[in-house]
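Student: Could you take me through how to read strands, loops and charged pairs in a protein model? I would like the general idea each time, and then the case at hand.

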Amino acid sequence: MNFTWKSPKIIIGKEATGKFYYRREIFENEVWKEIEKGNNVLIAAPRRVGKTSVMKFMTDNPRENFKLIFRNVQGIDDETQFYKTIYQLIIICLNKFTKNKTMIQNYLSKMKISEISTTGIKIETKDIDYLTEINNLIPQLDKDGENIVLLIDELPEVLHNLYLKGQKETALNILKNLRHWRQEDEFKKIQFVLAGSIGIHYVVNAIAGRSSDINDLYKMIYQPLTEKEVIDYIISVTKDASVKYNEELITYLKSKIQYFVPYFINLMLDEIDRSAVKINNINITTENIDEAFNNIIKNNDHFSDWKKRLLDYMPKEDFLFINEILTQIAHNEQINIQFIYDIAVKHNKEIEFMDLLKDLEQDGYIVESNKNYIFISPFLKEFWKQNNPIKNA
């Protein structure tokens, strides 16, 4: 076949931005509605749903009177570095203000800030107490002026890193300062949109003994694609691709994926495309879709992080309980609440087991169906089955 092969317009591994971003306008508008009310937002979503992509899109397309900046803070494991990062993000936003310009310019001169870019600032002042600077600077902003919105991804990683280093008090102070900025009237000009998948409530509970330090956030669940959206998504990303999908193939592909997270969809489209390239045939069948699914399941790298996150963030006794539940579901297709309660009794979790179940539902592992619990994704079910064998199962 003599032509230039064209693959689907998808990206795997990195967040989807630019031409790869599939817009979720309804969700974007819902987030904006809360920001414009003055709320601080927690975007709660399972991994790989696309919350980072929507945060980056909003940053690149701000509304009037709002200056947004996105930052993934995952690698930070030091208190000073955390506050320095927040301070730098504030300065970058202030540099874009059209109001309060005199006060801002005077402040930049006083602090000897000579260069400001989208990635950072150059500051000549030494030995800065960044927390103090933030606390002094924000209250000076004009109440009728623009707002700073910091979109922070992977905050649980920062808190978890500090916790693992034995700096529980430091992590607790960060939580308290973030809450202080969100709640006090003098800090109304700065708002936060935090993103959290598996981890944020576990980490907060471990540090503070409760989740009250984040319960003031307006929680928004970022759902997978709808039935209509997934069809539109597949058609749009394969529009110019060599391999096409008719209605029958899309229906069958959906039946294999079931849980319409872009990451899972892209894995399938990419694997099908790779296999089609090898045999130089653009005409695929349901058998090719089955083969792609089986090939993906064999690659543990795609899904190992889902288990690792639970292991890293949860107390060991909670993880052992949760992992047994997930293992039983994987091997038995589904389990009922009585079976789960029996497992909870064995692990001394009969008091909190329902809360842990709800966490698993929220984080995109399981779902309740006809009074039974099943894996929400066939990919995760097969991964757990392979990764956690049961004797004679």
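Tutor: Let us begin with a loop residue, bearing in mind that this is a predicted model. Asn-370 is exposed, with a relative accessible area of 71%, and its place is the loop between S9 and S10.

Student: What is the phi of Asn-370, and is its sign positive or negative?

Tutor: Phi of Asn-370 is near 55 degrees, which is a positive value in a residue other than glycine. Lys-371 also lies in the loop between S9 and S10, and its phi, near 65 degrees, is again positive in a residue other than glycine.

Student: Is Lys-371 buried or exposed?

Tutor: Lys-371 is exposed, its relative accessible area being 69%.

Student: Which strands make up the sheet around that loop, and in what order do they stand?

Tutor: The general idea is that strands of a sheet pair through backbone hydrogen bonds, in either a parallel or an antiparallel sense. In this model, 3 strands form an open sheet in the order S8-S10-S9, with antiparallel pairing. Strand S8 (335-336) and strand S9 (366-369) stand at the edges, and because each has a single partner strand, one side of each is left without a neighbour in the sheet.

Student: How many bridges join S8 to S10, and which residue in S10 is the bridge partner of Asn-336?

Tutor: S8 pairs with strand S10, residues 372-375, in the antiparallel sense over 2 bridges. The bridge partner of Asn-336 in S10 is Asn-372.

Student: How many residues lie between S3 and S4 in their hairpin?

Tutor: The hairpin formed by S3 and S4 has 4 residues between the two strands. Strand S3 (residues 113-116) and strand S4 (residues 121-123) run antiparallel and are joined by 3 bridges, and within this pairing Ile-116 stands opposite Ile-121 in S4.

Student: Turning to charged side chains, how many salt bridges does the structure hold?

Tutor: As a general point, side chains of opposite charge can pair when their charged atoms come close. The structure holds 23 salt bridges. One of them involves Arg-309 and Glu-157, whose closest N and O atoms are 3.7 Å apart. Since Arg-309 lies in helix H13 (residues 304-313) and Glu-157 in helix H6 (residues 155-164), the pair ties together parts that are 152 residues apart in sequence.

Student: Are Arg-309 and Glu-157 buried or exposed, and which residues are linked with them in a network?

Tutor: Both Arg-309 and Glu-157 are buried. The network of salt bridges links Glu-154, Glu-157, Asp-305 and Arg-309.

Student: How far apart along helix H17 are Glu-382 and Lys-385?

Tutor: Glu-382 and Lys-385 are 3 residues apart in helix H17 (residues 378-387), and they are therefore separated by about one helical turn. These two residues form a salt bridge in which the closest N and O atoms are 3.8 Å apart, and Lys-385, at 25% relative accessibility, counts as partly exposed.

Student: What is the N to O distance between Glu-25 and Arg-23?

Tutor: The side chains of Glu-25 and Arg-23 meet in a salt bridge at 4.0 Å, N to O, a pair to be read with care given that the cut-off is within 4 Å. Glu-25 is partly exposed at 46% relative accessibility, and Arg-23 is partly exposed as well, with a relative accessible area of 37%.

Terms used: Residues numbered from 1 in each chain as written. Predicted model: local features only at pLDDT ≥ 70, side-chain atom pairs only at ≥ 80, totals over all residues. Heavy atoms only, no water. Pairing = 2+ DSSP bridges. Buried < 20%, exposed > 50% of the residue type's maximum accessible area, 1.4 Å probe, protein only.
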